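Okay, thanks for making the time, everyone. Let me put the structure up, and then I'll walk you through the parts I found worth a look.

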Amino acid sequence: MTTAATTSELPVVIIGAGMAGLACACYLHRAGRLVLVLEAADAVGGRVRTDVTAEGFRLDRGFQVLQTKYPEVQHLIDYGALQLQTFRSGAVIRLPNGQQTTLVNPLQQPTAAFSALTSRVGTLPDKLRIASLAQHVRGFTSGQLLSRNSTNQLDTATFLRQYGWSEQIIDNFFRPFFGGVYLDRSLSTAANFFEFVFKHFVEGEVAIPALGMQQIPEQLAARLPQGSIRLNTPVSAIRELEVELTTGEILAAATVVVATDGTTAAHLLPPASEPLPPQWRQTTCTYFAAPAPAARPDKLLRLNAAPDALAHNVAFSSDVSSAYAPAGQQLVSVSTHGEHGLSEEELTARLRQELAAWFGPAASQWQHLRTYVIPQALPVYAAGQPARQPLKLHDTLYRCGDHTAYPSLNAAIASGREVAEAILSA
Ligand SMILES: Cc1cc2nc3c(=O)[nH]c(=O)nc-3n(C[C@H](O)[C@H](O)[C@H](O)COP(=O)(O)OP(=O)(O)OC[C@H]3O[C@@H](n4cnc5c(N)ncnc54)[C@H](O)[C@@H]3O)c2cc1C
């Protein structure tokens, strides 16, 4: 039953407690507006969740990091409270011939990072071009890079070739490195997003909260008054100034904000107001436990340039934050991008073989902990797709989320903030 309250007493009802919905709720609450966040799942965070196993491993649902200089994230999140733990800038790249090469600060100090020893990764002009792009992106704000039409019209692979990079460095460095960010080794993601991400690798650090990625949405949820988030509350329909739950309960709203993933938004919103549901990039994250190493950790990400590999990137997450694993153990996160068509058993067996070839025979004994298959990890952001889509659908209906912009925490938060600002100024 809808209550007979005046519109000013009613909350702004936000559907979805992912980063977009929580950001929107926090900005509205900070301005004194009543908010009610309805979340289908049993916790906040959406795609940013962490499970803690009985043994004490912290398993993020998919390998995910926070880039510290993302402007919206930096503005909203209290990094100190998260006790951010940083990866070392760079990566160890396993080349298709099985040799490994370590690149420290490859985008921050390209000429030093790609020394003669690492010439297999690319040519000297390739390395100079990285320095030149690093200089170039520093001259633009994030917003300027994202709104550049010339780069938006190109996919990343075409942009890299037009910039003059060799196939050698595209395959050995850009494909494993940025393919891991996009979950797309074909590099078909729009090049304005490439420049945006590149800038933030040049200027910032890559980090995880000490206790797992879910600490980020939990921090936002903790800023809201008690009772303003209802978990396990899926919304089934939206009507003028009210939402209907799957239980049949109807809640009145001053304004409705659809902050779900793009697929659900396309289902909830009137067909005329929402573009087609997004296409998605899939990833699979397989976690293993290994005995803790005696050596001091290098805190570098491992990337695989071999085109037919399944272990695309490997992170020893507990080397970066020791709370990710119980004492004496090491947490190994292995990401496989795209569809692989394998059962969990088949994938685990194939990964063990690859990891043993990569890290030595002991890796074949690593204990399999859990596998997360995430078919809807990132919305596809293709060349020509706008970096900002309309958020206001009519006077009392808005939408936000990464599907309205580009696939990143920064976009989810930005869209949530913009919706809050639009509601406050209405
Ligand atoms: C494996 C992985 C790795 C990633 N890596 C990075 C990274 O390194 N850096 C980065 O910046 N970004 C990364 N991302 C992307 C980032 O996590 C997302 O862009 C962001 O979390 C999206 O937030 P959102 O609020 O738009 O959507 P979501 O997180 O999808 O939130 C939507 C919420 O709506 C809820 N919901 C859905 N339907 C209903 C309903 N009917 N009723 C009520 N609630 C509903 C959902 O349960 C969910 O909580 C990664 C994502 C994944 C999955």
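**Starting from the inside of a sheet**

Let's begin with strand 2, which is covered on both faces: Val35 and Val37 are buried on one side, and Leu36 and Leu38 are buried on the other. Before I go on, keep in mind that this is a predicted model.

Strand 2 belongs to an open sheet of six strands, and the order is 10-2-1-14-21-20, with mixed pairing. At the edges you have strand 10, residues 229-230, and strand 20, residues 392-394, each of which pairs on one side only.

So what does strand 2 do with strand 10? The two pair in the parallel sense, over two bridges. If you want a spot to click on, Val37 has Ile229 in strand 10 as its bridge partner.

Now look at strand 1, residues 12-15. Strand 1 is joined to strand 2 by four bridges, and the two run parallel. Val13 has Leu36 as its bridge partner in strand 2, and Ile15 has Leu38. Between these two strands the chain goes through helix 1, and that β-α-β crossover is right-handed.

Strand 1 is also joined to strand 14, residues 255-258, by four bridges, again in parallel. Here Val13 stands opposite Val256. And are the faces of strand 1 covered or open? Both are covered: Val12 and Ile14 on one side, Val13 and Ile15 on the other, and all of them are buried.

**A second sheet**

There's another open sheet to show you, made of three strands in the order 5-9-6, with antiparallel pairing. Strand 5, residues 66-67, and strand 6, residues 84-86, are the edge strands, and each pairs on one side only. Strand 6 and strand 9, the latter covering residues 206-209, run antiparallel and are joined by three bridges. Thr86 is the residue to find here, standing opposite Ala207 in strand 9.

**Domains**

Okay, zooming out. The domain assignment splits the protein chain into domain 1 (7-48 + 215-278 + 391-425), domain 2 (50-86 + 207-213 + 280-379) and domain 3 (104-204). The C-alpha centres of domain 1 and domain 2 are 29 Å apart.

How many residues are in contact where domain 1 and domain 2 touch? We get 19 residues of domain 1 in contact with 20 residues of domain 2. On the domain 1 side, helix 1, helix 11 (215-221), helix 12 (262-268) and helix 15 each supply at least two residues. Helix 15 has the largest share of that side, with five residues. By class, the domain 1 side breaks down into nine nonpolar, six polar and four charged residues.

**One arginine to look at**

Let me stop at Arg49 for a moment. You'll find Arg49 in the loop between strand 2 (35-38) and strand 3 (50-52). Why do we call Arg49 buried? Because 21 other C-beta atoms lie within 10 Å, and the cut-off for buried is 20 or more.

As for what Arg49 touches, leaving out residues up to four places away in sequence, we have Ala43, Arg61 and Gln214. And if you'd like a distance to go with that, Arg49 and Gln226 are 177 residues apart in sequence and 21 Å apart in space, C-alpha to C-alpha.

**The ligand**

Last stop is the ligand. Which residues come nearest? Of the 34 residues around the ligand, those are Gly16, Gly18, Gly46, Gly62 and Gly401. Three elements give two or more residues to that shell, namely helix 1 (19-30), strand 19 (367-379) and helix 15 (409-425).

By class, the shell has 18 nonpolar, 12 polar and four charged residues. As for where the shell comes from, domain 1 and domain 2 each contribute at least three residues.

To tie a couple of these together, helix 1 is one of the elements in the shell around the ligand, and helix 1 is also among the helices on the domain 1 side that touches domain 2. Helix 15 turns up in the ligand shell as well, and supplies five residues of that domain 1 side.

That's my tour, so let's open it up for discussion.

Note on methods
Residues numbered from 1 in each chain as written. Predicted model: local features only at pLDDT ≥ 70, side-chain atom pairs only at ≥ 80, totals over all residues. Near = placed C-beta within 6 Å. Nonpolar A, V, L, I, M, F, W, Y, C, P; charged D, E, K, R; others polar. Domains from an automatic or database assignment. Contact = placed C-beta atoms within 7 Å. Buried ≥ 20, exposed ≤ 12 C-beta atoms within 10 Å, placed from the backbone. Pairing = 2+ DSSP bridges. Right-handed = clockwise from strand over helix to strand, strands pointing away.
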